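Student: I am new to this structure and would like a close look at a single part, the aromatic rings and what surrounds them. Could you take me through that part slowly?

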Amino acid sequence: MALKGGIFLLIQDYYVDLLLLAILIFIGLLIRMAYRFGLKKVDSGSLSNPHELNSLINSLNDIIFEFNEDKVCLNVWFNEFTERVIDPKQTIGKRLEDILGYDKALKFNNALDYVIKNRKATSIEYLSDHGTGKWFITKLTPVFDRDGNYTSRISASVTDISEQKKYADALKENEALLIEAQAFAKIGNWWYDHINKESYWSDSLYAVLETESLPDGLTKFEYYLSLVHPDDRAKYREFHLSLYTSDLKQFEHRLITPRGNLKYIKVIKGDLTNDADGKLKRIFGIIQDVTESKLSEKAIKKGRSELIEAQTIAKIGNWSWNTVSDKVKWSDEICNIFEVDAHIMARLSTRRFLLTYAYKNDKFILQHLFKNAADNPGYTCVFRIITPNGTIKYVSIIVGGLLKNEDGSLHKIIGTLQDVTDRKQIEIDYKRTENKYKLVLETIKLAAVSLDGQGNIIFCNQYLVNLLGYGQKEILGMKWVDKFLPRGTKELLGNWLANSSIPTQYTNPIVCRNGDERIISWQNTISYDENGLVKEITSIGEDITDQQKATQELISAKELAEKSSKFKSDFLSIMSHEIRTPMNAVIGTTNLLLSDEPRPEQLEYLNILKFSGENLLSIINDILDYNKIEAGKLELNEVKFDLRYLAQKIKQSFLSKTVEKKLTIELIIDEAIPEYLTGDQARLSQILNNLVGNAVKFTDKGTITIRLQTEQVDSKQATIKFTIADTGIGIAPENLDIIFDPFTQEPMFNNNHGGTGLGLAITKRLVKLHKSEISVISEPGKGTEFTFTISFKQLKKESDGPLADLNSSPMLNLYGMNVLIVDDNKMNLLIASRFLKKWQANVDEALNGQLAIDMVRNKVYDLIIMDLQMPVMDGFEATIAIKKTNPEIPIIALTADAMPETYNKALEAGMSDYLTKPFVPAMFFEKVSKHYQPVV
C-alpha cells in the first residue's frame, strides 16, 4: 500500500505539471491572438500602452517567432530578463541556418515547410542543440487574419519542457520499478474477498513461498498454515482469526518452504474495504520475506559493538542534532575526545558546549558551522579545542546528512566528530619540513622546480628564476612544458606527464626569456596519488651547457684526430707499397745474383747492395711498426719457443759484425730458465735485436753483454730479467729522458751513426705491450745498460703445440710442386719465379686475378701466390672466386702492403698466409714449403 501511495503521489505531481504546461500553452495562444488582433492595432497606432504588452511578454518563459514563407524571421517576442545561449534578436531578418547552421536548422525548416504546404499547425520536440541538456517543444502555426485569410506568416512558440520531460521519464521508470520492487523486496500481495470467500495470491507471493501451485485438496489458508513453523503455528492462527477485529497490523513468524528452507516472514494487514451497507467486503495485505534482515540483526548487533570499538581506536564519534528542540546527542567517544563527563555535555546546549571548549582563535570557525550546517550536507571544518585538562586537540566535524519532515522542514542533522590531532601534527611537521626543504633549494647553486600533476609550476628557486629571466611570483602557475621547452622536446615530456611515466633522470634544453637555450641535467623525485597518477614532480638540475659545448668540441677534435690518423695510415700504406715494390726488385735481384756464385770483386758490391737494401727495409719496417703500435693495432702472438735457443740465434746474427769491429759479445743465461716458454718470440726478438744492434752500433771497443736471469719461477709462470750492456760511447744524463722519443737520437753522435731514431721508441712500446717497463743506466764514455723484465707462461717439454724455430729450414727442394704466381709487376714475377724454379718447382704466371681464375679452371695447382693490388681483378676478389670452386687450394698473399688491416682483410677473403715484399728467400721458402707434398 505504501508503494502504491508513493506512485500515486508521483502521478499526482506529474498531472499538476501537465496542468501547468497546459496553462503555458494557453498563454501562448493568447499571445498569438494578441499578435493576430492586438498587435495589428499597435501597428495602427491604437495601442494606448505599449509598456503593458512588454510586461505581458516579459512575464512568459516562451519565445514567439514570426516567419514568412521564405523562412525569414520577421519578429520575435520573448522575456528579455531570461538568459539564453543565443539572443533571439539575432534571428530577425535571417534564416535559421544563418544562425544555427544547416544541420541544426533542418528540423525547424522541415516543420516550416509542412505548415507552409498544408497550412496546418505542427510541433517538434527536441533536446537543446547547445549542450544545456534542456528539452523544448516548438509549435508552429499558420497565421490567419480575422476574416480567416492566410497571411503567409507562420508563428513559432518555443517552450522549455525540461521539467515535464523529467517527470514523465520518472513516471515510466517508477512504473517499471513498482513491478520489480516486490521481487527485490521479496514481497507478495494477497487479498481476501469476504463475500465470495476467495483468496488471491500474487506471483511474487508464490515466489516467496518457493512454490508454483497448491497441492490438491487444500485451500490457500490450509496450505499456508502447513508451511508455518510448528512453534509459530498457533500464534499465526490466532493472528489470522483476528484480522477483522484486531488493531494489530503485522505479525512475524517462521516458515519452512517446500524446498526445506527456513524463512522469517512478516505478514502486514492493509485497510478493510466495506460495502455500501458498512459490511466487510475485502481485506488486503502483503507478505514479506525478512530472512535476510533477521539474520542481519545479529550481525548488526555485532557490527555495532565493533563500530564502537573502531570509533574508539580511530578517535571518532557520531552526533545527531535535533534542530527543532536544539538538542544534540553525542556518542560516548565524543565525551572521551573532549575529556568531559556525559552529564556535562547533556547540560549544555550545542553552541555553548562547543564554544566553551573551542580555542579562542578558532571560535569563528564554529560560527560558520552553525550558519552553514543546515544548508550544506557534507560541510566539514577543523578547529582546535582545549580540554579541561589543558590539552590542545584538533577536531574535525563533518555534517553527514540532513533529515527533513514531509513538509520539507529540517528535522535533524547527523554527522561525526573526530580527533585529528595526530594527523594534523603530521601535516604541520610536513609543512615545516617542506619549508626547510624549499629553503635549502633556494640556497643551492642548482636549478630547482616543482610541478603539479598537470605540469603547472608550483615552486621555482631563485637560481632557476634568474636563469630563465622571470620573476619568482611571475613564474608560478605557468605551464612548464608549453612555456620553457623547445618544440622538439615538448611532445616527449608532455607524453611523460600524461602517462605518469616520468624518468628519474634525463637531460633536455630549456628556453629562457631572451630566447637562449640552456641544457639542464635533471634528477627527478616523483610522488603519486592513490590512483598511481603523478601528484607532484620535484626536479633538481645542473646547467651543463658549457660542459656540453666542451664535450662537442672534444668529439669534433676526436673525429679530426681519427681522420688524421686514417690519413696517416693510408699515407704510410701507400708509401710502404710504393717503396717496397722497387725494393723487392733490388733485394730480390741481389739475392738471385748472390746465389749464382758471383766473382769475388762482384761479391763485395753485391754484399754492399744487399746491406743497403736491408738497411732501407729496416727503416721502413720501423716506421710501420711504430705506426701500428701508436694506432693500438699491434697485438702479441703467443707461441711455444725455446728462449735459450732464441738468445743464441740473436748472438750468432751479430757475431760477424762484432768480429769486424773487434768487439767481444757475451751471452750469459741463467741455468734456472725453463726450456720451453709461451710468448711472442718475434716481438721479443725485435726488442733484443734493437738493443743489441744499438749496442754494436755505438760501441767501438770492449764488450757487448746479453744477460738473461730468472727473477721468479713457478709451475705456471717464469719471470725473466733481460740486460743488454755495452762499453760504448754512453748517453749524456740530460738526454736519458728523450732517447725513447720517436725520431730522437743522442745529439752529439747521430751524424756519425745514422738511423731513424725509432728503434728505442719501438722497443719501449713493445716492452710496455708485455706489461713491463724498460730502464737505462749510462755514463758518457763508459757505456750503457738497458734492463727490462717479462713474464712468460711456462710449458712442460712434452706439452702440446709446435716449437717455433727461426733457423729451421728443410732441404731447399720443391720438386714437382705446381705453383701459380699472380702479380701485375713483371719484375716481381721474375724474382719469385726464379727462386721457385731454383727449388725445382713448376711455375706458371698470371698478370691479374681474372687470368688466375681461368688458369685454375684448366690446371690443378698445389699453391697460388697472389698479389693483392692488380688491374682487371684484384687478389681479394680472385681469392674469393677461386675458393668457391677450389676451397682446398692454399693461397699465400705476396704484397708490398704491410698494414695490419690489409693482413686481416686477406685472411677474411680466404688466404692461408701472408708475406710482405721484399721477401727474404729463406722466409719465402718456409712459407711455400709448408704446403709442399713430396712426389713419391
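**Rings and their partners**

Tutor: Before turning to the rings, one helix can serve as a starting place in this predicted model: the buried residues of α13 pack against α12 (350-357), β13 (380-386) and β14 (392-404). In helix α13, which spans residues 363-372, these buried residues are Ile 365, Leu 366, Leu 369, Phe 370 and Asn 372.

Turning now to the rings, the structure holds 29 aromatic pairs. One of them is formed by Phe 108 and Tyr 126, which meet edge-to-face, with 5.1 Å from centre to centre and 90° between the planes. This pair links distant parts of the chain, since Phe 108 belongs to helix α4 (residues 102-118) while Tyr 126 belongs to strand β3 (residues 122-127), 18 residues apart. Phe 108 counts as buried at 10% relative accessibility, and Tyr 126 is buried as well, with a relative accessible area of 11%.

Phe 641 and Phe 792 also form an edge-to-face pair, 5.9 Å centre to centre with 75° between the planes. Because Phe 641 lies in strand β21 (residues 639-641) and Phe 792 in strand β27 (residues 783-795), the pair ties together parts that are 151 residues apart in sequence. Both Phe 641 and Phe 792 are buried.

Elsewhere, ring pairs join Trp 201, Tyr 206, Tyr 224, Tyr 236, Phe 239 and Phe 251 into a cluster. Rings can also have charged partners here: the charged end of Lys 165 sits over the ring of Trp 135, 4.5 Å from its centre, and Arg 282 lies over the face of Trp 191, at 4.3 Å from the ring centre.

Technical notes. Residues numbered from 1 in each chain as written. Predicted model: local features only at pLDDT ≥ 70, side-chain atom pairs only at ≥ 80, totals over all residues. Heavy atoms only, no water. Buried < 20%, exposed > 50% of the residue type's maximum accessible area, 1.4 Å probe, protein only. Helix = DSSP H or I, 4+ residues; strand = E, 2+ residues; numbered from the N terminus. Contact = heavy atoms within 4.5 Å. Phe/Tyr/Trp six-rings, centres within 6.5 Å; stacked < 30°, edge-to-face > 60°. Lys NZ or Arg CZ within 6 Å of the ring centre and 35° of its normal.
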